[in-house]
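Please walk through this structure with the model open beside the text. The paragraphs below move from one part of the chain to the next.

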Amino acid sequence: MKKFRDLVVVFLLALCGAAIVAYSMAHLAHYNLGISSSNLRNQALTSAVVLFGFVAVEFIVTSEW
C-alpha cells in the first residue's frame, strides 16, 4: 500500500508541476510576446497534460514494483 501511496503523491506532484510550467509559459507568451490569452488557453492545458504524461511514463518505467 505504501508504494501505491507514493505513486499517487508523485503523480499529483508531477501534475501540479506541469500545470505551473504550462501557466508560466502562457503568462510569458501573453505578456512578453503579445499573444492573446484565448489562443493560449487550450495550448497551456495541452502542455500540462503532455508534461504530466512524460513524467508519469518516466516514473513508471524507472520504478520497481
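In this predicted model, helix α2 is among the elements that cover the buried residues of α1. Those buried residues of α1 are Leu7, Ala14, Ala18, Ala22, Ala26 and Ala29. The helix itself has 32 residues. From its first C-alpha to its last, α1 reaches 45 Å, which is close to the 46 Å expected at 1.5 Å a residue. Just after α1 comes Gly34, whose phi is positive, at about 80 degrees.

The secondary structure of the whole protein consists of two helices and zero strands. With a radius of gyration of 15 Å, well over the 11 Å that the globule rule gives for 65 residues, the protein is therefore more spread out than a compact globule. Along the principal axes, the C-alpha atoms fill a box of roughly 45 × 15 × 15 Å. Of the 65 residues, 15% are buried. The protein exposes about 5200 Å², and carbon and sulfur atoms supply 71% of that area.

Which residues make up the largest nonpolar core? There are seven of them: Ala18, Ala22, Ala26, Ala29, Leu40, Ala44 and Ala48. Both α1 (2–33) and α2 (37–62) supply at least two residues of this core, and the largest share, four residues, comes from α1. One core member, Leu40, can be followed through its contacts. Leaving aside neighbours within four places in sequence, Leu40 is in contact with Ala26, Ala29, His30 and Ile35. Of these contacts, Ala26 and Ala29 are also listed in the core.

The next topic is the aromatic residues. How many aromatic pairs does the structure hold? It holds one. Phe11 and Phe52 form this pair, and the arrangement is edge-to-face, with 5.9 Å centre to centre and 70 degrees between the planes. An angle over 60 degrees counts as edge-to-face, so the 70 degrees between these two planes places the pair in that class. The pair links distant parts of the chain, since Phe11 is in helix α1 and Phe52 is in helix α2, 41 residues apart.

Are the two rings' residues buried, partly exposed or exposed? Phe11 has 22% relative accessibility and counts as partly exposed. Phe52 has a relative accessible area of 24% and is likewise partly exposed. Buried means under 20%, so neither of these values qualifies.

Phe11, placed in helix α1, has further contacts. Not counting residues up to four places away in sequence, Phe11 touches Phe52, Ala56, Phe59 and Ile60. For one of these, Phe59, the separation from Phe11 is 48 residues in sequence, while the C-alpha atoms are 8.8 Å apart in space.

Another residue touched by Phe11 is Ile60, which is found in helix α2. At 43% relative accessibility, Ile60 counts as partly exposed. How far apart in space are Ile60 and Ala44? Their C-alpha atoms are 24 Å apart, with the two positions 16 residues apart in sequence numbering. Ala44 belongs to the largest nonpolar core, whereas Ile60 is among the residues in contact with Phe11.

Terms used: Residues are numbered from 1 along each chain as its sequence is written. This is a predicted model: local features need pLDDT of at least 70, side-chain atom pairs count only at pLDDT 80 or more; totals for chains, interfaces and linings use all residues. Side-chain values use heavy atoms; hydrogens and water are left out. The radius of gyration is taken over C-alpha atoms; the globule rule is 2.2 Å times the number of residues to the power 0.38. Buried means under 20% relative accessible area, exposed over 50%, partly exposed in between (1.4 Å probe, protein chains only). Accessible areas come from the Shrake-Rupley method with a 1.4 Å probe; for residues, only the protein chains shown count as cover. A nonpolar core is a set of buried Ala, Val, Leu, Ile, Met, Phe, Trp, Tyr and Cys residues joined through side-chain atoms within 4.5 Å. Contact means heavy atoms within 4.5 Å. Rings of Phe, Tyr and Trp (its six-membered ring) pair if their centres lie within 6.5 Å; planes under 30 degrees apart count as stacked, over 60 as edge-to-face and the rest as tilted. The expected span of a helix is 1.5 Å times one less than its number of residues.
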